[in-house]
Amino acid sequence: MLRILAAAGVALIGITCQSARAADAVLAAAVVPSTWTPSLVLDGSLGLLYTDNALASRNNRLDAEYVVPFLRMTFGLKSADGWSYTVYARTTSESYTERVADNALATVGSTLSKTFMDTTVGVNFDTKFFYDGLFAARGPTAYDLSAFITRPISIEQFGLIIVPRFTVGYRWADVATLERASIDAQLSFEKELAKPWSIVGGGRVRVYWFQTAVVGPLPVDVYPSASLGVKYDFGHDITLTTSVAALARRSNIAAREYEKLDIGPSVDFKVVF
């Protein structure tokens, strides 16, 4: 009888210790915050393109070749439970053989997002500094706030990745005529061919509702666009893409409308530190 009582006591003590350890683990999980993993990424591209409408004009069309360098540095923090926060600075410019169209843009901003079940939702705020020429004369400054949702879709048996993205936003600016509300619907895809080749492309529709008119009614502009290209992957995050892209602007003010076509290659790279 004493042996039975002793065995029962030992078992009870073991159960109690296990329960205490389980409670401590639950308490620790509740108290200790998620681990955030930092990252630092430099990415960019260099495009050598031809356009049939360098001035984005309805009537004064001008053919030209142009160079488009792009560079971005991003610092990010990502948690194990799907939260992500990034801050970035990027710069891009367009230098044309017909110099009347040269322009540049510098941007600083940040993004907060949450990923769950492969769906990412987030908010973004950035400040854009516009320049006339290659960072020559400083132009207006714009402040963009937007919210987005995206979910990559992978169809492995066809080697196909489809990425839809929907964004709503608002822009404030130091020039009133630039202020606008917007929606942006995008669908991009990549279809793997024989490695390292793939086909890339997509479509996009943007709608801008401007808040101040220069003359006449408030402008409402719609930008449909589409692109199709072939990509070659060199490995080590370096790719070469040659594509054709078509863009149009449709507006409630006929004088604002135009179409343009851009053709050419672009080298893209990414360095993870």
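Here are a few exercises on this predicted model, each with a worked solution.

Before you start: residues are numbered from 1 along each chain as its sequence is written. In this predicted model, local features need pLDDT of at least 70 and side-chain atom pairs count only at pLDDT 80 or more, while totals for chains, interfaces and linings use all residues; side-chain values use heavy atoms, with hydrogens and water left out.

**Exercise 1. Work out which elements the chain has, and in what order.**

Step 1: count them, taking helices (H or I, at least four residues) and strands (E, at least two) as DSSP runs numbered from the N terminus. You get 1 helix and 13 strands.

Step 2: read along from the N terminus, and the order is α-β-β-β-β-β-β-β-β-β-β-β-β-β.

Step 3: check the contacts (heavy atoms within 4.5 Å). Of those with a separation of 6 or more, 50% join residues 24 or more positions apart.

**Exercise 2. Find the nonpolar patch on the surface and say which strands supply it.**

Step 1: apply the cut-offs. Patch residues have over 30% relative accessible area and no salt bridge, and nonpolar side chains (Val, Leu, Ile, Met, Phe, Trp, Tyr) are joined within 5 Å, like charges within 9 Å. A salt bridge is a side-chain nitrogen of Lys or Arg within 4 Å of a carboxyl oxygen of Asp or Glu.

Step 2: list the members. Among them are W36, F75, W83, V123 and F273, and the whole patch has about 940 Å² of accessible area (Shrake-Rupley, 1.4 Å probe, with only the protein chains shown as cover for residues).

Step 3: sort by strand. β1 (36-51), β2 (64-79) and β3 (83-96) each give at least two residues, and β3 has the largest share, with 3.

**Exercise 3. Decide whether V123 and M117 are buried, partly exposed or exposed.**

Step 1: set the classes: buried is under 20% relative accessible area, exposed over 50%, partly exposed in between (1.4 Å probe, protein chains only).

Step 2: V123 sits in strand β5 (residues 119-132). Its relative accessible area is 43%, so V123 is partly exposed.

Step 3: M117 is in the loop between β4 (103-116) and β5. M117 reaches 74%, so it counts as exposed.

Step 4: now look across to G82, 35 residues from M117 along the chain; their C-alpha atoms are 9.6 Å apart.

Step 5: for the chain overall, buried residues make up 29% of the 273.
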